[in-house]
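This report describes a single protein chain, from its overall make-up to a few individual residues. Please keep the sequence and the structure in view while reading.

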Amino acid sequence: QVQLVESGGGLVQAGGSLRLSCAASGRTLSANPMGWFRQAPGKEREFVASITWGGSILYIADSVKGRFTISRDNAKKTVYLQMNSLKPEDTGVYYCNVIVKLGVPLYDNWGQGTQVTVSS
């Protein structure tokens, strides 16, 4: 089992930036794609971005394209989500997970996530 711990969220004004981190421990699956999801209050979880083991970006949601980017450091077992030009609609809890296929997480048990709040 892999443990995934998200961090880096916070309160930021619209137009600001945040960098989220997802640290993996335990039995890591370094060969698997990793991804970020988010869930806004009252909405379903949304697939935001994913990246291959080699660092190629597989997917960026249209809603964040041009503003967010995903990266990973396999040596540190960490995946990042750089979020720029943040908008109030980016508010939500952000989670990472191992990706089975596009948009499909491996683990059903989600971590605590990290809260991102963007004020207007």
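## Charge and overall form

The protein carries 12 positive and 8 negative side chains, and the centres of these two sets are 6 Å apart. Here Lys and Arg are counted as positive and Asp and Glu as negative, with His and the chain ends not counted; the place of a charge is NZ of Lys, CZ of Arg, CG of Asp or CD of Glu.

The model is predicted: local features need pLDDT of at least 70, side-chain atom pairs count only at pLDDT 80 or more, and totals for chains, interfaces and linings use all residues. Residues are numbered from 1 along each chain as its sequence is written, and side-chain values use heavy atoms, with hydrogens and water left out.

The protein contains 11 strands and 0 helices, in the order β-β-β-β-β-β-β-β-β-β-β along the sequence. These elements are DSSP runs numbered from the N terminus (helices: H or I, at least four residues; strands: E, at least two).

A compact globule of 120 residues would have a radius of gyration near 14 Å, and the value for the protein, 13 Å, agrees with this. The radius is taken over C-alpha atoms, and the globule rule is 2.2 Å times the number of residues to the power 0.38. Along the principal axes, the C-alpha atoms fill a box of roughly 40 × 25 × 25 Å.

Of the 120 residues, 42% count as buried, where buried means under 20% relative accessible area, exposed over 50%, and partly exposed in between (1.4 Å probe, protein chains only). The accessible surface is about 6,200 Å², with 49% of it belonging to carbon and sulfur atoms. Among contacts (heavy atoms within 4.5 Å) with a separation of 6 or more, 54% are between residues 24 or more positions apart.

## Strand S4 and its partners

Strand S4 covers residues 34-39, and 5 of its 6 residues are buried. S4 pairs antiparallel with strand S5 (residues 46-51) over 5 bridges, pairing being defined as at least two DSSP bridges between two strands. Across this pair, Phe-37 stands opposite Phe-47 in S5. The hairpin of S4 and S5 has 6 residues between the strands, and Gly-42 takes a positive phi near 75 degrees there.

S4 is also joined to strand S9 (residues 92-101), in the antiparallel sense, by 6 bridges. Gln-39 has Val-93 of S9 as its bridge partner.

## Loop residues

Three loop residues are listed below with their accessibility.

| Residue | Loop | Relative accessible area |
|---|---|---|
| Gly-9 | between S1 (2-7) and S2 (10-13) | 31%, partly exposed |
| Lys-77 | between S7 (68-73) and S8 (78-83) | 42%, partly exposed |
| Ser-85 | between S8 and S9 | 41%, partly exposed |

Leaving aside residues up to four places away in sequence, Gly-9 touches Leu-18, Leu-20, Thr-114, Gln-115 and Val-116. Gly-9 and Pro-105 are 96 residues apart in sequence, and their C-alpha atoms are 21 Å apart in space.

Most residues other than glycine have a negative phi. Lys-77, which is not a glycine, has a positive phi near 55 degrees. Ser-85 is likewise not a glycine, and its phi is positive at about 50 degrees.

How values were computed: Areas by Shrake-Rupley, 256 points an atom, 1.4 Å probe, with all protein chains shown as cover.
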